[in-house]
Amino acid sequence: MKKIFILLISSLILISCQKEKVDLIIINSNTYLVNEKFEKAEAFAIKDGKFIAIGSTKEILGSYKSENIIDAKNKTIVPGLIDAHCHFYRMGLQQQKVDLTGTKSYDEVLAKIVAFQKEKNASFISGRGWDQNDWAVKDFPTKEKLDKLFPTVPVAVTRIDGHALLVNQAAIDLAKITKDTKVTGGEIIIQNGKMTGVLIDAAMDFIKFPETSKEEAIQGLLDAQKISFSYGLTTVDDAGLDRNTIELIDNLHKSNQLKMRIYAMVSGDKQEQIDYYIKKGITKTDRLNVRSFKVYGDGALGSRGAAMRKPYTDRENHFGALIYAPERYQEIARQIAASEFQMNTHAIGDSANTWMLKTYKDVLKDTENRRWRIEHAQIVSSKDFRNFDNILPSVQPTHATSDMDWAETRIGKERMKGAYAFRNLLNRYGKIALGTDFPIEEVNPFLTFYSATYRKDSNNFREDGFQMENSLSRKETLKGMTIWAAFSNFEEEEKGSIEIGKFADFVILNQDIMGVDSAKIPKTKVISTFLNGEKVY
Ligand SMILES: [Zn+2]
C-alpha cells in the first residue's frame with residue numbers, strides 16, 4: 001500500500017514537472033480560430049511569440065504552465081486583424097497636423113491649434129478642415145488672434161475644401177509676401193488696408209510648407225501604430241511607399257521601436273524605384289514584407305477621375321482617364337511579371353478594370369500563384385467578372401457605404417449592378433481581401449465588418465442595406481480581414497488564423513462579432529491586442 005502511494009505521488013510530481021512552461025496562456029475564451037474548418041477553441045498557449053497549443057481550458061492547463069494566464073471570461077477572440085489596403089504612413093503624418101474638421105467657431109479653431117501645439121511643439125503648424133459656414137459668424141476669419149497666440153511659430157491651416165488658407169504673420173514673413181504682392185488665379189484678402197491672413201487658391205502657393213522631417217516621419221509611424229493597435233490591427237498593407245519610408249520602417253523594426261507588421265507595397269510611380277526593388281529582390285522579415293508594387297490605374301469616382309468605358313451619366317462626353325498611357329501598364333506589368341514581385345493596381349472605373357485585367361492576363365499567361373491584385377475593383381463590367389478567376393480582388397467595404405448616396409448619379413442604374421460587387425468578386429476568385437483605404441475612410445475595421453455584411457454605414461443607413469445581393473457573410477468577412485488578407489500578402493503560412501506555429505497575433509473583443517445583434521456590430525470595441533504574444537494595446 002505504502003509503495004503504491006509513493007508511486008502515485010511521484011508520478012503526480014512527474015506529471016506536474018512535465019508541464020511545459022510557456023510565456024502566456026489564454027483560458028475560458030470564445031476563440032474563432034479561422035482555420036480551414038472555421039473551428040472554435042477555449043484556450044491556447046504561446047511561447048516565443050507563436051501559438052504552440054490550442055484546445056480546451058482543461059487540456060491546455062493540463063499540459064502547460066505559465067506565470068501569465070489570462071482568464072478571458074468567455075470573451076470573443078479573433079486572429080490579429082489585417083487591413084489589406086490602407087495608407088498607414090500617410091495616416092500617421094496626418095496626426096502631425098492639426099485636424100480642424102467639425103469646429104463650430106473660430107475660437108474653437110484657435111483652441112484646437114493651441115492644444116495641438118502644446119502636445120507637438122511643432123516648428124511650423126499646419127492643419128486642415130475649418131469651415132466658416134459652420135460658425136455663427138460666417139465671415140472669413142482674420143489673423144489677429146492667431147498672431148497673439150503664435151507670434152513666432154508660423155501657422156498655416158487650410159479650409160475644408162482646400163481652396164483657402166489661413167496664415168499668421170510669422171508664415172507671411174517666411175513667405176515674403178505683402179498686401180501688394182501680385183497674384184493671378186487667386187487672392188490675398190485685404191481688409192482696411194491690411195492683410196487678413198486668408199489666401200485664396202494661387203495665393204496659397206506662396207506659403208512653402210516644410211518637408212517632412214525624420215522626427216515627424218518617425219512620430220507619424222508610431223502614432224499610426226498606436227491608433228491601429230487600438231482597433232485590433234496587427235498587420236497593415238500600406239498601399240504605396242517610397243524607398244526612404246520603407247528603409248525607415250525596417251530600421252525602426254530592427255531597433256524594436258516599431259512593432260506593427262507591415263506589408264509595404266512599393267510605389268510604382270518611379271521607374272528607378274521599380275528597377276531598384278526588382279534588382280534587390282524580396283525583403284522579408286517577421287515584421288516587414290516587400291514583394292509588391294502599387295500602381296495607379298485611374299483616379300476616383302467622386303472627382304470623376306475613374307476611367308469609364310462609356311461617358312459619366314452626370315457629365316456629357318466625360319470618360320475619366322487612365323493615369324498613364326495604356327502601353328505603360330503593359331511595360332510595368334511585363335517587368336514585374338519577369339520577377340517574383342506582385343503587382344497591385346488601383347482600378348476604380350470599369351475601363352481601368354478591363355484594361356488592367358487584360359494586361360495582367362496577357363503578361364502572366366497561365367503562371368500559377370502570382371496573386372496579382374486589383375485594388376478597389378470598384379466598377380466592373382459584367383463580362384469582366386470572369387477575369388477575376390485568377391486575379392485577386394482587394395476591396396474596401398466602407399467605400400460602398402460611403403459612396404452609396406451619389407455613385408448612381410455618376411454612373412447610372414445599369415452600371416451600378418457591377419459596382420461594389422463583393423459577392424460577385426468573391427465567387428470568382430474564391431477569396432477576397434478586405435481593407436479600408438484609411439485615412440480616406442476610418443481606421444475602424446468593425447465598420448468594414450458592418451459594411452461588408454449588412455451594407456449599412458455607421459448611422460445604420462440604408463435600412464435594408466445597399467445592394468444586399470453583394471453582401472458577404474460574417475464568416476467570409478472575418479476571413480477577408482484575416483486569412484484571405486494574409487493570403488493576398490503570401491503570408492497565410494505565418495498569420496491570419498490562430499493555428500500552431502503561427503505568430504501569436506490576436507485580439508480580445510468586448511462582444512461576439514459573429515453572433516451579436518447586427519446593429520451592435522459597429523460598436524464593437526477592442527479590449528486588448530496581442531502581437532507576437534505581447535500585449536500592445
Ligand atoms: Zn488607397
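**Sheets, helix packing and a zinc site in a predicted model**

Strands β5 and β6 form a hairpin, with two residues between them. In the turn, D48 has a positive phi of about 50 degrees. The model described here is predicted. D48 is not a glycine, yet its phi is positive. The residue belongs to the loop between β5 and β6. The two strands of the hairpin are β5 (residues 43-47) and β6 (residues 50-55). They pair in the antiparallel sense, over five bridges. Within this pairing, I46 of β5 has F51 of β6 as its bridge partner.

The hairpin is part of a wider sheet. Four strands make up this open sheet, in the order β6-β5-β2-β8. Its pairing is mixed. The edges are taken by β6 and β8 (69-71). Each of these has a single partner strand, so one side of each is left without a neighbour in the sheet. From one strand to the next, the twist averages 15 degrees. Strand β2 (residues 24-27) is joined to β5 by three bridges. These two strands run antiparallel. Across this pairing, I25 stands opposite A45 in β5.

A second open sheet has six strands. Their order is β4-β3-β9-β25-β26-β27, again with mixed pairing. Here β4 (40-41) and β27 (534-535) stand at the edges. Each has a single partner strand, and so one side of each is left without a neighbour in the sheet. Inside the order, strand β3 (residues 30-32) pairs with strand β9 (residues 76-79). The sense of this pairing is parallel, and two bridges hold the record of it. One bridge partner pair is N30 with T76 in β9.

The model also contains a zinc ion. Three residues coordinate the zinc ion: H85 through NE2, H87 through NE2 and D437 through OD. The distances are 2.1 to 2.2 Å. In sequence, the donor residues follow the spacing H-x1-H-x349-D. H87 and D437 link distant parts of the chain, 350 residues apart. H87 sits in the loop between β10 (81-86) and α3 (88-94). D437 sits in the loop between β24 (433-434) and α15 (445-454). The loop between β24 and α15 also holds P439. A cis peptide bond joins F438 and P439, with omega of about 10 degrees.

Helix packing comes next. Two packed helices are described by the angle between their axes and the distance between the axes. Helix α7 (residues 214-230) and helix α8 (residues 243-254) pack at an angle of about 65 degrees. Their axes are 11 Å apart. The two helices are therefore roughly perpendicular to each other. The crossing of α7 past α8 is right-handed. On α7 the contact is made by K214, A217, I218 and L221. On α8 it is made by L248, I249 and L252. By class, six residues of this contact are nonpolar, none is polar and one is charged.

Helix α8 also meets helix α9 (residues 271-280). The axes of α8 and α9 come within 11 Å and cross at roughly 40 degrees. The helices are therefore oblique to each other. R243, I246 and E247 of α8 make the contact with Q273, Y276 and Y277 of α9. Three of the contact residues are nonpolar, one is polar and two are charged.

A further helix pair lies later in the sequence. The axes of helix α10 (residues 326-337) and helix α11 (residues 350-364) come within 9 Å. They cross at roughly 40 degrees. That makes α10 oblique to α11. The crossing of this pair is right-handed. From α10, the contact is made by P326, Y329, Q330, A333, R334 and A337. From α11, the contributors are W355, M356, T359, V363 and L364. The contact residues divide into eight nonpolar, two polar and one charged.

Conventions: Residues are numbered from 1 along each chain as its sequence is written. This is a predicted model: local features need pLDDT of at least 70, side-chain atom pairs count only at pLDDT 80 or more; totals for chains, interfaces and linings use all residues. Side-chain values use heavy atoms; hydrogens and water are left out. Axes are lines fitted to C-alpha atoms, for helices over the stretch in contact, and angles run from 0 to 180 degrees between N-to-C directions. Angles under 35 degrees count as roughly parallel, over 145 as roughly antiparallel, 65 to 115 as roughly perpendicular and the rest as oblique. A crossing is left-handed if the near helix is turned anticlockwise from the far one by less than a right angle, and right-handed if clockwise. Contact means heavy atoms within 4.5 Å. Ala, Val, Leu, Ile, Met, Phe, Trp, Tyr, Cys and Pro count as nonpolar, Asp, Glu, Lys and Arg as charged, and the others, Gly among them, as polar. Two strands pair if DSSP finds at least two bridges between them. Donors are N, O and S atoms within 2.8 Å of the metal (3.2 Å for Na, K and Ca); water is not among the atoms, so sites may look incomplete.
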